[in-house]
Amino acid sequence: MTAPAERIRLLPRYEPVRSHDGDERAYSTPLGPMPSVTTVLSGSRDNSGLEEWRESVGIERANEILKVACFRGTGHHENIERFLTDGTEPGFNFLLTPYWKSTRSFVREVERAVLLEGAVWHPDGYAGTLDCIAYLPEDGLQPTLLDWKTADTPRKPNKLYDYSLQCAAYVTAANYVYGHMGLAIERAAIVVALPDQEPQIVRIDADALTQYYQHFLARLQRFTFARSKNRK
C-alpha cells in the first residue's frame, strides 16, 4: 500500500447484500458469505442479563421497547447521513430530535465524509456495514471511522467495550477493502447521542484498535466454535 500524498477525497461505496441464516445476519461478499460483525458479537457474549430483563418486563413489552430503540437508531443514522450528504438538517420529530440535538455540534465539525453506510469485509471471516469514514479537524492525511449510537443514559463500560470491538473490526476491514486506495485508518470515535444533552464520545487510538481487534478475533473464534457445535 502506498501512503496518500493528500487526503482521500471519496471512497466507492459497496451496497450491503444481506441474508439471514436462521437468526444470523450474513453478508454476501467477494470472499463468500460471512457473518456480520454484530452477529458475531451478539453470538459470543453472555446474554443472560438480556433474557432476564425480557422476562422481568414481559416478552411483549420488551419487544416494543426494542422496536422503538431500533427505529430510533435507524432514524438517527438517516438524519446524520442526510446532513453529511447535503447539509439538510432534520425537521422536528418528537422521538428523534432530542438525539439529533445531542450529536449536532459534533456532526457539524466533520470536514468531509468519504464513505457513508458502506459494506466492508475481511478474510478473517466477517463482514458488516460501517456508519461513516470522515475527516475531523484534528485528522491528517488519514480519516477517522465514526460509529453513531443512541442511548437514554451514558453507556456503561461493558457496552462500550463491545462497541470498541465493533469499531476495530470495521477499521481493519475498511483498511483491507480500500488499502489499495491508500486508506490506513488509525483512529475511531464512538459518538453516543443522549437526549437533550452532550453526546458521550469515546475516542480510540491506533494502539487500542490493534488490541481490540485481537479481542474481536477471540470472539469470532468463540462464535464460530459455538455455531459449528450447534449445527452438529
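Here are some notes on how this predicted model is put together, working from the overall layout to a few side chains.

1. Overall layout. The protein has 6 helices and 8 strands. Following the chain from its start, you meet them as β-β-β-α-α-α-α-β-β-β-α-β-β-α. Of the 232 residues in the protein, 46% are buried. If you take contacts between residues at least 6 apart in sequence, 68% of them join residues at least 24 apart.

2. The sheet. Have a look at the open sheet made by 5 strands, which sit in the order 4-5-6-7-8 with mixed pairing. Strand 4 (112-122) and strand 8 (197-204) are the edge strands; each has a single partner, so one side of each has no neighbour in the sheet. On average, neighbouring strands here are turned by 35° against each other, ignoring direction.

3. How the strands pair. Start with strand 5 and strand 6, which run antiparallel and are joined by 3 bridges. Ile133 has Leu145 in strand 6 as its bridge partner. On the other pairing, strand 6 and strand 7 run parallel, with 6 bridges between them, and Asp147 stands opposite Ile190 in strand 7. Strand 7 (residues 188-194) then pairs antiparallel with strand 8, again through 6 bridges. In that pairing, Val191 faces Ile201 of strand 8.

4. Helices on the sheet. Helix 4 (residues 97-108) lies across strand 6 (144-150), strand 7 and strand 8, and runs at about 145° to strand 7. Helix 5 (residues 157-178) also packs on the sheet, where it touches strand 4, strand 5 (126-135), strand 6, strand 7 and strand 8. The direction of helix 5 makes about 90° with that of strand 4. Helix 5 also has a part in a right-handed β-α-β unit, together with strand 6 and strand 7.

5. Strand 6, buried or exposed? Strand 6 is mostly covered, and 7 of its 7 residues count as buried. Thr144, Leu146, Trp148 and Thr150 point one way from the strand, while Leu145, Asp147 and Lys149 point the other way; all are buried. So both faces of this strand are worth checking in the viewer.

6. A buried lysine. One residue of strand 6 deserves its own point: Lys149. Its relative accessibility is 14%, and under 20% is the cut-off for buried, so Lys149 counts as buried. What does Lys149 touch, leaving aside residues up to four places away in sequence? The list is His76, Tyr163, Gln166, Ile190, Val191, Val192 and Ala193. With Tyr163 there is something extra to look at: Lys149 lies over the face of that ring, at 4.5 Å from the ring centre. Two other names on the list turned up in the strand pairing, namely Ile190, which stands opposite Asp147, and Val191, which stands opposite Ile201.

7. Aromatic pairs. How many aromatic pairs does a search of the whole structure find? There are 8. One of them is Tyr126 with Tyr213, a tilted pair with 6.3 Å centre to centre and 55° between the planes. This pair links distant parts of the chain, as Tyr126 is in strand 5 and Tyr213 is in helix 6 (residues 206-230), 87 residues apart. Both rings belong to buried residues: Tyr126 has a relative accessible area of 1%, and Tyr213 has 7%.

8. More rings. Tyr213 also forms a pair with Phe216, and this one is stacked: 6.1 Å centre to centre, with 25° between the planes. Here the two partners both lie in helix 6, 3 residues apart, or about one turn of the helix. Phe216 is buried too, at 0% relative accessibility. Elsewhere, ring pairs link Tyr14, Trp121 and Tyr178 into a cluster.

Notes. Residues are numbered from 1 along each chain as its sequence is written. This is a predicted model: local features need pLDDT of at least 70, side-chain atom pairs count only at pLDDT 80 or more; totals for chains, interfaces and linings use all residues. Side-chain values use heavy atoms; hydrogens and water are left out. Two strands pair if DSSP finds at least two bridges between them. Helices (H or I, at least four residues) and strands (E, at least two) are DSSP runs, numbered from the N terminus. Axes are lines fitted to C-alpha atoms, for helices over the stretch in contact, and angles run from 0 to 180 degrees between N-to-C directions. Contact means heavy atoms within 4.5 Å. Buried means under 20% relative accessible area, exposed over 50%, partly exposed in between (1.4 Å probe, protein chains only). Rings of Phe, Tyr and Trp (its six-membered ring) pair if their centres lie within 6.5 Å; planes under 30 degrees apart count as stacked, over 60 as edge-to-face and the rest as tilted. A charge sits over a ring if NZ of Lys or CZ of Arg is within 6 Å of the ring centre and within 35 degrees of the ring normal. A crossover is right-handed if, with the strands pointing away from the viewer, the path from the first strand over the helix to the second runs clockwise.
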